[in-house]
Amino acid sequence: MITNHKLKNRDIYLDKLISFQDTEPVKIITGIRRCGKSSLLKLMVKHLKKQGKKDNQIIEINFESHDFKDMSSDDVYDYVKNHKNTKNRTYLFFDEIQRISGWEEAINSFRVDFDCDIYLTGSNAYLLSSEYSTYLSGRCIELKMLPLSFTEFLYFNDFEIVQRKNLLGKNQKCIIDKNNKEFNLKEMFDVYLHFGGMPGISELGLDQEKALSFLDGIYSTVVIRDILEREKRKGEKNISDALLLRKIVMFLADNIGNSVSINSIGNTLADSGLLLQKNKTKNLSAHTVASYIKALLDSYFFYEIKRFDIKGKEYLKTLGKYYIADIGLHNYLLGFRNRDRGHILENIVYLELLRQGYDVAIGKIDNIEIDFIATKPESKTYIQVTETLINKEVLDRELKPLKKVNDNYEKIILTLDTSLNVDFDGIKIINIIDWLISQ
């Protein structure tokens, strides 16, 4: 159990949660295992106590604790009924509630029967499935939680960004640790790309062997408990082959940022002998693969991004892309490979855009693509991501799709190059690390 003195702030999420405090909707925090959902609940409890809420107004239940793991929905209801505050509002915190069969009815009953404010976490999109919406349609809000951003990673590992003057007398950002030892931004960004952003790794002292063991535990929990065991509990046999599931995980991890189709994945696996069907039809392969991929998306292990036709102003049904929830998991699965660096940078940018609340799509204009269209109600940004713009050929390639877009929204190219701080006809070249820090 994480205690309060070890808690690190996650302001981007806590501020959102606080903004919905004491409102009717049930607050649902979703995200991959070990990304910090339980700690966020504890941060919210800490906030409530700072406001003057008493201990007897707060009920916390973690359904992975041995004390609560065998509860039925009726048991949960009776527990809350017997422990709730009788004079003031009660704040209910339920961690990994999807492990309780019929939990939806209990939550809806709390909302109807008691004066309470309800907060839930879950590691599977089942929380927001049609079964759930039957009970709480329009009465819940989802807060999607991700592993640590680059700036959070620095904070969690006791690094601080400071301004120092270089030898030419100009201000320059650098990073210092708690002993005032100095590191450059690029050096620390490489460390982030190496370890990824799972909060628990910071407690291991950035030790590679321990980190890989930690990530192996996350993978096993997601695959075995959240996918295979859940399907078994449901009495369904759509997803029962652990080897096939791992092969699909490896395929998607190896192809982050690449345009792929369900059919192409199924055909590749069928050719390798992993999909043994009675009639060998491609449609069956696609159906099987689609079930497994949906389970991985539901567990927040991967995210799917659709393509948007800029001229036709519609989403396309073919050739989406997949990004992994954490680069550390990618490295755990495939090792540390420099050849993946371009797509890893795309993955980092994609996750950061999600953190900042953007709706993100791949842009298609004529026969070429823009890496990301990041949209909010009041703004839109077109983004290209590339490791380097060191030669004119690469620069022209990255500029070309952005020049084709005939509107006045922001257009940027994000790169690791630090020497380019220029503007090409309104298209800005920005260093990725500077961009991440500015977010």
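Me: Two strands count as paired if DSSP finds at least two bridges between them. With that in mind, over how many bridges do S9 and S10 pair in this model, and in which sense?

Reply: Keep in mind from the start that this is a predicted model. S9 and S10 are joined by seven bridges, and they run in the antiparallel sense. If you want one place to look, find Ile305, which stands opposite Lys321 in S10.

Me: Which strands make up the sheet, and in what order do they lie?

Reply: Eight strands form an open sheet with mixed pairing, and the order across it is S10-S9-S11-S12-S13-S14-S16-S15. The two edges are strand S10 (314-324) and strand S15 (423-424), each of which pairs on one side only.

Me: Just after S15 I come to Asp425. What is the sign of its phi, and is the residue buried or exposed?

Reply: Phi is positive there, about 50°, although Asp425 is not a glycine. The residue sits in the loop between S15 and strand S16 (427-431), and with a relative accessible area of 74% it is exposed. Compare Glu96, another residue other than glycine with a positive phi, in this case near 55°. Glu96 belongs to the loop between strand S3 (90-95) and helix H4 (103-113), yet its relative accessibility is 5%, so it counts as buried, the cut-off being under 20%.

Me: How many disulfides does a search of the whole structure find?

Reply: A disulfide is a covalent bond between the sulfur atoms of two cysteines. The search of the whole structure finds zero.

Me: Why does Cys35 form no such bond in the model?

Reply: The cut-off for a sulfur pair is 2.5 Å. The closest cysteine sulfur to that of Cys35 is in Cys140, and because it lies 18 Å away, it is too far for a bond. Cys116 also has Cys140 as the closest cysteine by sulfur, at 14 Å, which is again too far for a bond. As for their surroundings, Cys35 is buried with a relative accessible area of 0%, and Cys116, at 15% relative accessibility, counts as buried too.

Me: Which residues does Leu296 touch, leaving aside those up to four places away in sequence?

Reply: Leu296 is found in helix H11 and is buried, its relative accessible area being 0%. Its contacts are Ile227, Leu245, Ile248, Val249, Leu252, Phe301 and Phe302. One of these partners shows how a fold brings separate parts of a chain together: Ile248 is 48 residues from Leu296 in sequence, while the C-alpha to C-alpha distance is 9.3 Å.

Me: How much space lies in the second largest pocket, and which residues are closest to its centre?

Reply: The second largest pocket holds about 590 Å³ of space. It is lined by 22 residues, and those closest to its centre are Glu142, Leu143, Lys144, Tyr303 and Leu354. The elements that each give two or more residues to the lining are helix H1 (11-19), strand S5 (140-144), helix H11 (282-298), strand S9 (302-309) and helix H13 (341-355).

Me: Which element gives the largest share of that lining, and what classes of residue does the lining contain?

Reply: S5 gives the largest share, with four residues. Sorted by class, the lining of this pocket has 15 nonpolar residues, six charged residues and one polar residue.

Methods
Residues are numbered from 1 along each chain as its sequence is written. This is a predicted model: local features need pLDDT of at least 70, side-chain atom pairs count only at pLDDT 80 or more; totals for chains, interfaces and linings use all residues. Side-chain values use heavy atoms; hydrogens and water are left out. On a 1 Å grid over the protein atoms alone, a cavity is a set of points where a 1.4 Å probe fits but cannot get out, and a pocket is an open set with protein on both sides within 12 Å along at least five of seven lines; lining residues have an atom within 4 Å of a point. Grid points are joined across faces, edges and corners, and a volume is the space filled by probe spheres set on the points. Ala, Val, Leu, Ile, Met, Phe, Trp, Tyr, Cys and Pro count as nonpolar, Asp, Glu, Lys and Arg as charged, and the others, Gly among them, as polar. Buried means under 20% relative accessible area, exposed over 50%, partly exposed in between (1.4 Å probe, protein chains only). Contact means heavy atoms within 4.5 Å.
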